[in-house]
Amino acid sequence: MSNKEYCEKLRRYLAPTYGAPQVAFVRGRGAWLWDADGRKYLDFLAGIAVCSTGHCHPRVVTAIQQQASTLIHTSNLYCIPPQVELAKRLVELSFADRCFFANSGAEANEAAIKMARRWAGRHKASSARTIVTAEYSFHGRTLATVTATGQAKYREPFAPLPGGFRYVPYDDIDALREAVDEEVCAVMIEPLQGEGGVVVPHDSYLPAVRELCDERGVLLILDEVQTGMGRTGEWFAYQHSGIEPDIMTLAKALASGIPIGACLAREEVATAFQPGDHASTFGGNFVSCAAALTTIDVIESEDLVSNAARMGALIEARISGMAAEEPLIVGCRGRGLLKAVVLSQPKARELEAACMERGLLVNAMHDPTLVRLAPPLIVSEDEVEQALTILLDAARAVAQ
Ligand SMILES: Cc1ncc(COP(=O)(O)O)c(C=O)c1O
């Protein structure tokens, strides 16, 4: 079938939540994808920061195949060996002592919200159940996580919403200080806002948030669903700031594209959960954990965290150079391989389409002056140069 035939079927049979895609990808390798019409694309979105080891990394494929032919599912009623190995690896890589596994970012955040409230139930006054989040944050689409999301357009159509959330401007410690009163049990933020427009807070912000949480006796939850697993040039984005959270959530890149979510926490916080408090049928299943374990091995053995930092610096330098040549491009922001190209005009959609016509996948963000780049962490210097040559050519065409 062709792109057109697949996409017509999509429009006929799927709930219309994703607009009207024009392309159906059928094959991938490394940083490259092929569509149903046989066209090749350089993928600078990587499934929205998911496919960090590239498409179909041979070691990840083998791990999935071997696990699938050995054992696919039992239940969390029994010990799942790859799950305990994965928990151990994540604990060793991070601040955390224990993990809970789910199937997505939203579910990891649901676990974090429930864990924080359970902790508050054991350690705080009975009224302290509110979670403070940031405006323009994104935490997921389930009812609790969409309510945690500081963007009214995602929440309001689905009222009545769960209670116990309040919002403050991001990167504004005074606003947070005002908001954290005796009703609050946790602050939940992204260390770098992804969906909100790739917003990096001032260097002083996260340390000040940590200090405030300690002073008021509330938990700090960091949502690293988009920033975790090496993307920003550290294993976790909090490591740029010199502080540690009490709870951290991961998903997206954790298993190279196999669904998984994780909620990691310090001992005292994680053990607020007792048997029966939370569960998931599929969370931490054999195949997703085997894929995640091999993803971590690949990130380590191919030095992908450093590559993310190096390629990120190269992208930043090249885009700054482009700004001198093409006035549509103002510059770029972000960390490592999570970047937004900032435009002088609201032409993100046109630029995304012009890049796609030229064989490059990038992402027009909700703010029409921002285009997101989130290539796989295996991306090479040559691929970065190819992508940015296409980006400049597309920007020139769009600016005309
Ligand atoms: C920071 C953040 N948290 C949570 C989510 C939700 O993850 P999922 O779509 O896997 O539920 C996303 C998705 O974009 C995200 O960027």
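**Entry 1: domains**

I looked up how the chain is divided in this predicted model. There are two parts: domain 1 covers 3–57 + 303–399, and domain 2 covers 59–301. I noted that domain 1 is written as two stretches of the chain, whereas domain 2 is a single stretch. I then took the C-alpha centres of domain 1 and domain 2 and found them 26 Å apart. For the contact between them, I counted 26 residues from domain 1 and 26 residues from domain 2.

Next I asked which elements give two or more residues to the side of domain 1 that touches domain 2. I listed helix H2 (46–49) and helix H12 (304–325), along with strands E11 (329–335), E12 (338–343) and E15 (370–373). H12 gives the most, with five residues. I sorted this side of domain 1 by class and got 14 nonpolar, seven polar and five charged residues.

**Entry 2: the whole chain**

I went through the secondary structure of the chain and have 14 helices and 15 strands. The radius of gyration is 21 Å, close to the 21 Å that the globule rule gives for 400 residues, so the chain is as compact as a globular protein of that length. I also noted the box that the C-alpha atoms fill along the principal axes, roughly 60 × 55 × 45 Å.

**Entry 3: the sheet of seven strands**

I followed an open sheet of seven strands and wrote down the order E4-E10-E9-E8-E7-E5-E6, with mixed pairing. Which strands are at the edges? They are E4 (98–102) and E6 (165–168), and each pairs on one side only. From one strand to the next, the twist averages 20°.

Inside this sheet I checked E7 (residues 184–189) against E8 (residues 219–223) and found them parallel, joined by four bridges. In E8, Ile221 is the residue that stands opposite Met188.

I then looked for helices on the sheet. Helix H5 (residues 105–123) packs on it and touches E4, E5 (130–134), E7, E8, E9 (247–250) and E10. The direction of H5 makes about 30° with that of E10. Helix H4 (residues 81–93) lies across E4 and E10 (261–265), and runs at about 125° to E4.

**Entry 4: around the ligand**

I looked up the 14 residues around the ligand. Which of them come nearest? I noted Ser104, Gly105, Ala106, Val225 and Gln226. H5, already met on the sheet, gives the largest share of the shell, three residues. By class, the shell has four nonpolar, seven polar and three charged residues.

**Entry 5: the sheet of four strands**

I found another open sheet, of four strands, in the order E1-E2-E3-E13 and again with mixed pairing. Its edge strands are E1 (25–29) and E13 (360–361), each of which pairs on one side only. I checked E3 (residues 40–43) and E13: they run parallel and are joined by two bridges. Asp43 has Leu361 in E13 as its bridge partner.

**Entry 6: a hairpin**

I returned to E11 and E12, listed above on the side of domain 1 that touches domain 2. In what sense do E11 and E12 pair, and over how many bridges? The pairing is antiparallel, over six bridges. I took down one pair: Gly331 has Val342 in E12 as its bridge partner. The hairpin has two residues between the strands. In this hairpin, I noted that Gly336 takes a positive phi near 55°.

Methods
Residues are numbered from 1 along each chain as its sequence is written. This is a predicted model: local features need pLDDT of at least 70, side-chain atom pairs count only at pLDDT 80 or more; totals for chains, interfaces and linings use all residues. Two strands pair if DSSP finds at least two bridges between them. Axes are lines fitted to C-alpha atoms, for helices over the stretch in contact, and angles run from 0 to 180 degrees between N-to-C directions. Two residues are in contact if their C-beta atoms, placed from the backbone, lie within 7 Å. A residue is near a molecule or strand if its C-beta atom, placed from the backbone, lies within 6 Å of it. Ala, Val, Leu, Ile, Met, Phe, Trp, Tyr, Cys and Pro count as nonpolar, Asp, Glu, Lys and Arg as charged, and the others, Gly among them, as polar. Domain bounds come from an automatic or database domain assignment. The radius of gyration is taken over C-alpha atoms; the globule rule is 2.2 Å times the number of residues to the power 0.38.
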